[in-house]
Amino acid sequence: MTISDIDIESPRYDQSTFIGRAKHFFITTNPLNVLATDEQLDKAKDIVTAYRKGKIDELYPNITVDELWNAKNLYDSAFHCQTGEKLFILGRMSFQVPGNMLITGCMMTFYKSTSAVIFWQFANQSFNAIVNYSNR
């Protein structure tokens, strides 16, 4: 398969199967994407933009199929799908799992006082509001 045969506007894996949908979900929500630097995110955006404009062979002549998909996955995890803006790090889908793990752990640990329950419920609702607002 050549670079020009790829349709990055569609998911890489077959969405009519459970395995294909699961792979797509796990790639998009991969918590390791939170650790990507701004330079890596900007390069991923440049690659995806060059591909969409038909200039991928000109600007990135040696890019492989896997490198293109990795750039697309990183782009999808950090940039808004409609506006193209970089999302606030706490609002990215790749931060959903680690953020919710921390908050849920604290909610289960600090439940003995009313003030702690109120605080952690507030933190949970605030985090969910950030994610929903970022991905609107």
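**Entry 1: I103 and its surroundings**

I began with I103, which I located in helix 5 of this predicted model. Is I103 buried or exposed? I found a relative accessible area of 9% for I103, which is under the 20% cut-off, so the residue counts as buried. I then listed what I103 touches, leaving out residues up to four places away in sequence: W120, A123, N124 and F127. I also looked up its separation from L87. I103 and L87 lie 16 residues apart in sequence, and their C-alpha atoms are 20 Å apart in space.

**Entry 2: Helix 5 against helix 6**

I next turned to the pair formed by helix 5 (residues 96-109) and helix 6 (residues 114-134). I noted that their axes come within 9 Å and cross at roughly 165°. Helix 5 is therefore roughly antiparallel to helix 6. I recorded the crossing of these two helices as left-handed.

Which residues of helix 5 meet helix 6? On the helix 5 side I found Q96, G99, N100, I103, C106 and M107. On the helix 6 side I found W120, Q121, A123, N124, F127, N128 and V131. I sorted the residues of this contact by class and obtained 7 nonpolar, 6 polar and no charged residues.

**Entry 3: V48**

I moved to V48, which lies in helix 2. I found its relative accessibility to be 0%, so V48 counts as buried. Setting aside neighbours within four places in sequence, I saw V48 in contact with I8, A71, K72 and Y75. I looked at K72 further: V48 and K72 are 24 residues apart along the chain, while their C-alpha atoms are separated by 6.1 Å.

**Entry 4: Helix 2 against helix 4**

I then examined how helix 2 and helix 4 are arranged. Their axes come within 8 Å and cross at roughly 115°. Helix 2 is therefore roughly perpendicular to helix 4. I noted that this crossing is left-handed.

I listed the residues that make the contact. Helix 2 contributes Q40, L41, A44, K45, I47, V48, Y51 and R52, and helix 4 contributes L68, A71, K72, L74, Y75 and A78. By class, I counted 10 nonpolar, 1 polar and 3 charged residues in the contact of helix 2 with helix 4.

**Entry 5: Helix 4 as a whole**

I looked up the extent of helix 4, which covers residues 65-78 and has 14 residues. From its first C-alpha to its last, helix 4 reaches 20 Å, close to the 20 Å expected at 1.5 Å a residue.

Which residues of helix 4 are buried? I recorded L68, W69, A71, K72, N73, L74, Y75, S77 and A78. These buried residues pack against helix 1 (18-28) and helix 2 (38-52). I checked helix 1 from its own side and found G20, A22 and T28 buried. The buried residues of helix 1 pack against helix 4.

**Entry 6: S77**

I closed with S77, a residue of helix 4. How is S77 placed, buried or exposed? I found a relative accessible area of 2% for S77, so it counts as buried. Residues up to four places away in sequence not being counted, S77 touches T28, N33, R92, M93 and S94. I noted that T28, one of these contacts, is among the buried residues of helix 1.

How values were computed:
Residues numbered from 1 in each chain as written. Predicted model: local features only at pLDDT ≥ 70, side-chain atom pairs only at ≥ 80, totals over all residues. Heavy atoms only, no water. Helix = DSSP H or I, 4+ residues; strand = E, 2+ residues; numbered from the N terminus. Expected span 1.5 Å × (residues − 1). Buried < 20%, exposed > 50% of the residue type's maximum accessible area, 1.4 Å probe, protein only. Contact = heavy atoms within 4.5 Å. Axes fitted to C-alpha atoms, helices over the stretch in contact; angles between N-to-C directions. Parallel < 35°, antiparallel > 145°, perpendicular 65-115°, else oblique. Left-handed = near helix turned anticlockwise from the far one by under 90°. Nonpolar A, V, L, I, M, F, W, Y, C, P; charged D, E, K, R; others polar.
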